[in-house]
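Work through the exercises below with the model open. Each one has a task, then a stepwise solution.

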Amino acid sequence: DSKCLILFDYDGVLVDSLPFNLSVVAEVLSLLGYKDFPSVDYCKIADCISLEEWARRIDMAETHLEPFVSETHQHFTAGAPGLPLFEGVLQLLESLSAEHQLGVITGNISSAAREFLSKHGVAHHFSEIVGVETLGTKSEKISKFAARLGYPLDRVFYVGDAGTDVQQGKAAGVRTVAVT
């Protein structure tokens, strides 16, 4: 059997969300009184980082961390359905899902990803969507996903858009695919 498990990152791979996500982060940071916002150019150079990592980099007060993360994820979920799929993703998913099992492992909230993928008529291509609310690193989530479905690691691929995605896939012992 040559069937593979192909796991996708969500933001920057399936959905063109970077400009929207950065505007949400800037809006929430501004509401909390901060003036140091991540830019698109910064993310292209530095690999976009988690909300918690950004909070540490700007020395966010500990009392602001939970409201920052919570409010930002609420905005991500509310705005996700209006974002576009990358060109060609629909056809790619249709082709791949005909012969392979697909899933999503994302640093975003799974409900936002699920709502977006449903709106665009592609959610049925994915057996599972694992989001930030599931504890563990992406490499741990990749390994657990593969084990739960019975795939040997040499038949698992992780597709991501950031250097950290490649690192997490390699840490899990799977093949990695980087997209721009």
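**Exercise 1.** Find which backbone oxygen the side chain of T72 reaches.

*Solution.* Start at T72, in helix α4 (residues 62–79); helices are DSSP runs of H or I, at least four residues, numbered from the N terminus. The T72 side chain reaches the backbone oxygen of F68 at 2.7 Å. Next, check burial: T72 has a relative accessible area of 0%, and buried means under 20% (1.4 Å probe, protein chains only). Last, list the contacts (heavy atoms within 4.5 Å). Not counting residues up to four places away in sequence, T72 touches V24, V25, V28 and L51.

This is a predicted model: local features need pLDDT of at least 70, side-chain atom pairs count only at pLDDT 80 or more, and totals for chains, interfaces and linings use all residues. Residues are numbered from 1 along each chain as its sequence is written, and side-chain values use heavy atoms, with hydrogens and water left out.

**Exercise 2.** Identify the element that supplies the largest share of the largest nonpolar core.

*Solution.* A nonpolar core joins buried Ala, Val, Leu, Ile, Met, Phe, Trp, Tyr and Cys residues through side-chain atoms within 4.5 Å. The largest one has 22 residues. F8, Y10, L14, L93, F116, L117 and F126 have the most contacts inside it. At least two residues each come from β1 (5–8), α5 (89–97), β2 (101–105), α6 (110–119) and β3 (126–130); strands are DSSP runs of E, at least two residues. The largest share, four residues, belongs to α6. Another core, of 13 residues, lies apart from it and includes F68 and V69.

Conventions. Buried < 20%, exposed > 50% of the residue type's maximum accessible area, 1.4 Å probe, protein only. Polar contact = N/O pair within 3.5 Å; in protein donor to acceptor, adjacent residues only side chain to side chain.
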